[in-house]
Amino acid sequence: FEKFKNGLSKARNTIFKNIKTIFSGKVLDDDVLEELEEILIMSDMGVEVSHEILEELKSRYKADNSYNDPLLLLRDILVENLQKDEVVNDFQQKPYVILIVGVNGSGKTTTAAKLAKMYSSQGKEVVLAAADTFRAAAIEQLKEWGNRLNTTVIAHQKGSDAAAVVYDAITHAKSRGKDIVLIDTAGRLHTKSNLMDELKKIRRVVEREVPGAPHETLLVLDGTTGQNGISQAKAFKEAIDITGIVVTKLDGTAKGGIAFAINHELNIPIKLVGFGEKEDDLQIFDPQSYCNALLG
Ligand code: GDP
C-alpha cells in the first residue's frame, strides 16, 4: 500500500483532495453530487463512468444506511469498478513468454526492465528480446537495462526482422533452460498497419515456438495521456489479443481516474502500474490499494 500511496500522491493531493473537502459536511445533497461529478470527470474518469458512479452512489447512499460517511461508500464503489487479475506468476512451463506492446514513449522498454527485475528477484531467469528493431535507441536502451540488471538481452541490428529477434530469444531461452522471455516491441504509430502486421508476425513465431504462448500480452499505456491513450489502446486491442494493461507514469499525473476509464472502455484488467522510472517502480495492480491511495 505504501508504494501506491507514494506513487499516487500527486493525484491524491490535487484532484482527489477536493472530494474530501466537498464531503466534509457528510451530507450528499445535489450541490455536492454535482461538484463530485465535475471532479470525477476532471480526473480522466470519462463522462460515462463518472455518471454511473454518481448514480450508484446516490441510490446506495439512500438504500444502505450502514454508511454514515459517503466517502467510504464512494471508495467501495470505486473499488468495485476496477477488475482484479494478476499478471502471470505460476510458472509450470519453460519458457514463459510475455509480449509487451504499446505506442512509443508509453514506457514499454522501462516496463520490460522492471518486469525483468521483478521476476529475477523471484529467482527466475529472464531473457529480454529487443524486438523494437525500428529504433536504434530502443535497442541500446534495452541493452543498458540488461547490463544494469545483469539480464541477457537478445538483440539484432537496427532495421532487422523483429520476428527473427524473437525467434533467437526463444531459442536461447530453450537451450539454456531459462524461465521467462520478455519481448519489447516497436510502437511507431504513424505507420499503424505495418506495426500491427509486425506484431502479428511476432505473435505467430511465439505461438509456433512455444505451445500455449504468449502467456501474457501486455499493453502499456501512459497514464498521463487520458482519453487519447484509450483510443490508441483500442487499435491494439483490435489487432491482437491483449491479456492485461500496464498503466505507467501514474506518479506524474494529478488525475488518476484514467484507470477507471481504461477498465470501462477496454474491458481488459489492469495488471500492473508504473510509479516511476526506476526498476523497482512497478507494482502488481490492486484496486483496493489504488482507491485507498487516491482517497486516503
Ligand atoms: P517506450 O518507447 O514505450 O519503450 O518507452 P520508454 O520505456 O522508453 O519510456 C519513455 C519515458 O518514460 C522514459 O523516459 C522513461 O523513463 C519514462 N517512464 C516509463 N515509465 C515511467 C513511470 O512509471 N513513471 C515515470 N515518471 N516515468 C516513466
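## Contacts of the ligand

In this predicted model, an oxygen atom of the ligand lies 2.6 Å from an N or O atom in the side chain of Glu 277. Taken alone, the ligand exposes 580 Å², and the protein buries 81% of that area. A side chain is also involved at Thr 109, where an N or O atom is 2.7 Å from an oxygen atom of the ligand. At Gly 105 the partner belongs to the backbone: a polar backbone atom of this residue is 2.7 Å from a ligand oxygen atom. Each of these three pairs falls within 3.5 Å, the cut-off for a polar contact.

## The shell around the ligand

How many residues surround the ligand? There are 18 of them. Gly 105, Thr 109, Thr 110, Asp 251 and Glu 277 are the closest. Three of these residues, Gly 105, Thr 109 and Glu 277, have been described above through their contacts with ligand oxygen atoms.

Which helix gives the most residues to this shell? Helix α7, which spans residues 108–120, does so, with 4 residues. When the shell is sorted by class, 10 residues are polar, 6 are charged and 2 are nonpolar.

## The largest pocket

The ligand sits in the largest pocket of the structure. The volume of this pocket is about 320 Å³, and 19 residues line it. Those nearest its centre are Gly 105, Ser 106, Gly 107, Thr 110 and Lys 249. Gly 105 and Thr 110 are also among the residues closest to the ligand.

Two elements, α7 and β4 (180–185), give two or more residues to the lining of this pocket. The greatest contribution comes from α7, with 5 residues. Helix α7 therefore leads in the lining of the pocket as well as in the shell around the ligand, where a residue belongs to the shell if a heavy atom lies within 4 Å. By class, the pocket lining holds 10 polar, 8 charged and 1 nonpolar residues.

## The largest cavity

Empty space inside a protein can be examined in a simple way. Rolling a probe the size of a water molecule over the atoms shows where such space is left. How many cavities of 30 Å³ or more does a search of the whole structure find? The search finds 1. The largest cavity holds about 40 Å³ of space.

The residues lining the largest cavity include Gly 102, Val 103, Leu 219, Asp 222 and Phe 236. Ser 106 also belongs to this lining, and Ser 106 is one of the residues nearest the centre of the largest pocket. Strand β5 (216–222) and helix α11 (226–239) each supply at least two lining residues, and β5 provides the largest share, with 4. The classes in this lining are 6 nonpolar, 3 polar and 1 charged.

## Backbone features in the loops

Most residues other than glycine have a negative phi, and most peptide bonds are trans. Some places in this model depart from that pattern. The peptide bond from Lys 94 to Pro 95 is cis, with omega near -15 degrees, and Pro 95 is found in the loop between α6 (70–80) and β1 (96–101). Another cis peptide bond joins Ala 213 to Pro 214, with omega near -5 degrees. Pro 214 lies in the loop between α10 (192–209) and β5.

Is the phi of Asn 150 positive or negative? The angle is positive, at about 60 degrees, although Asn 150 is not a glycine. Asn 150 is located in the loop between α8 (136–149) and β3 (152–154).

Definitions and conventions
Residues numbered from 1 in each chain as written. Predicted model: local features only at pLDDT ≥ 70, side-chain atom pairs only at ≥ 80, totals over all residues. Heavy atoms only, no water. Polar contact = N/O pair within 3.5 Å; in protein donor to acceptor, adjacent residues only side chain to side chain. Areas by Shrake-Rupley, 256 points an atom, 1.4 Å probe, with all protein chains shown as cover. 1 Å grid on protein atoms, 1.4 Å probe; cavity = no way out; pocket = protein on both sides within 12 Å on 5 of 7 lines; lining within 4 Å. Sits in = over half its atoms within 2 Å of the grid points. Nonpolar A, V, L, I, M, F, W, Y, C, P; charged D, E, K, R; others polar. Points joined across faces, edges and corners; volume = space filled by probe spheres on them.
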